[in-house]
Each structure stands twice: as structure tokens, then as C-alpha cells.
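Reader: I have a structure in front of me and would like to ask about its charged pairs and its helices. Where should we begin?

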Amino acid sequence: MTILEAISRVDSLRHNTFTQAEKIGWLNQVDTLVWEELHSTHEGAEDQTFEGYDPQTPLDRQLLAPAPYDELYLHYLEAQMDYYHAEFDRYNRSMAMYQAVRSAFVNHYNRTHMPLGQRFRYF
């Protein structure tokens, strides 16, 4: 899923007045966590970098979580909208959905990627 696809899908699911820049910022929050907690601690991270997203980032940039786990972006965007509208029951449901998909993604990633080992130094 790309940045534009995530924003377009959430906009079609839920009418909102949030700017594209705000939604890009929220997507940046999610993928910064995905990068810091998963990608950077597992094999292959040595060859990659994550610059984050801002309003100048091309909208065709691919987000880090692949399908079918990319639904976590939609749930997170919905949760942020709910939070800022003070709809806390909806926020809790949206965050529960986000956490469920994120947890499945983390489990899958940990099963399919070797963690980077730490080198021990002996004296």
C-alpha cells in the first residue's frame, strides 16, 4: 500500500476534515515504530534506511507493512481521527483493530526474519 492509497481508502471509509499533511504525519508515526521495532533489529536492515514521511514525500512511496497487514494503517488513521474528535469509544475500537493487525504483523515478521545478533566481547 502506498501513502496515497492509505489516505484515499480512509477518506472513502470515513468523512473527515483532516489535511493530507496530518494523515502523512500519522502514517509516519506508524512506520517509524515499524522501522525502529522490527526492520532495524532484523536481518537486511544493514542495507536499508528509513527517512520517514513528510508532506514533500512522494505519495507513491510504499509503506513498510505488506498486505494483508497493511490494514493497520487504515485502523491507525481512523483511531487518530476518532481521538481528535473526542469519540473515545470509537477510538478504543479502532486502536484494538490496529493492535490486532499490528500484532499479527509483528508475529509474522519475527517468524520470517532473523533478528540481528549481538556480538559479545570476551576479555
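**Salt bridges and a helix face**

Author: In this predicted model, D82 and R14 are both buried.

Reader: How far apart in sequence are D82 and R14?

Author: D82 forms a salt bridge with R14, with the closest N and O atoms 2.4 Å apart. D82 lies in helix α3 and R14 in the loop between α1 and α2, so the pair links distant parts of the chain, at a separation of 68 residues.

Reader: Is K23, the salt-bridge partner of D11, buried or exposed?

Author: D11 and K23 form a salt bridge, their closest N and O atoms being 2.5 Å apart. D11 is in helix α1 and K23 in helix α2, so the bridge ties together parts 12 residues apart in sequence. D11 has 32% relative accessibility and counts as partly exposed. The cut-off for buried is under 20%, and K23 has a relative accessible area of 3%, so K23 is buried.

Reader: What is the relative accessible area of R90, which forms a salt bridge with E87?

Author: The closest N and O atoms of R90 and E87 are 3.4 Å apart. E87 is partly exposed at 31% relative accessibility. R90 is partly exposed too, and its relative accessible area is 35%.

Reader: Which helices do the buried residues of α1 pack against?

Author: In α1, residues 3-13, the buried residues include I3, A6, I7 and V10. Seen down the axis, the buried residues fall within an arc of 95°, so they line one face of the helix. These buried residues pack against α2 (20-37) and α3 (71-84).

Key
Residues are numbered from 1 along each chain as its sequence is written. This is a predicted model: local features need pLDDT of at least 70, side-chain atom pairs count only at pLDDT 80 or more; totals for chains, interfaces and linings use all residues. Side-chain values use heavy atoms; hydrogens and water are left out. Buried means under 20% relative accessible area, exposed over 50%, partly exposed in between (1.4 Å probe, protein chains only). Helices (H or I, at least four residues) and strands (E, at least two) are DSSP runs, numbered from the N terminus. The arc is that of the directions from the helix axis to the C-beta atoms. Contact means heavy atoms within 4.5 Å. A salt bridge is a side-chain nitrogen of Lys or Arg within 4 Å of a carboxyl oxygen of Asp or Glu.
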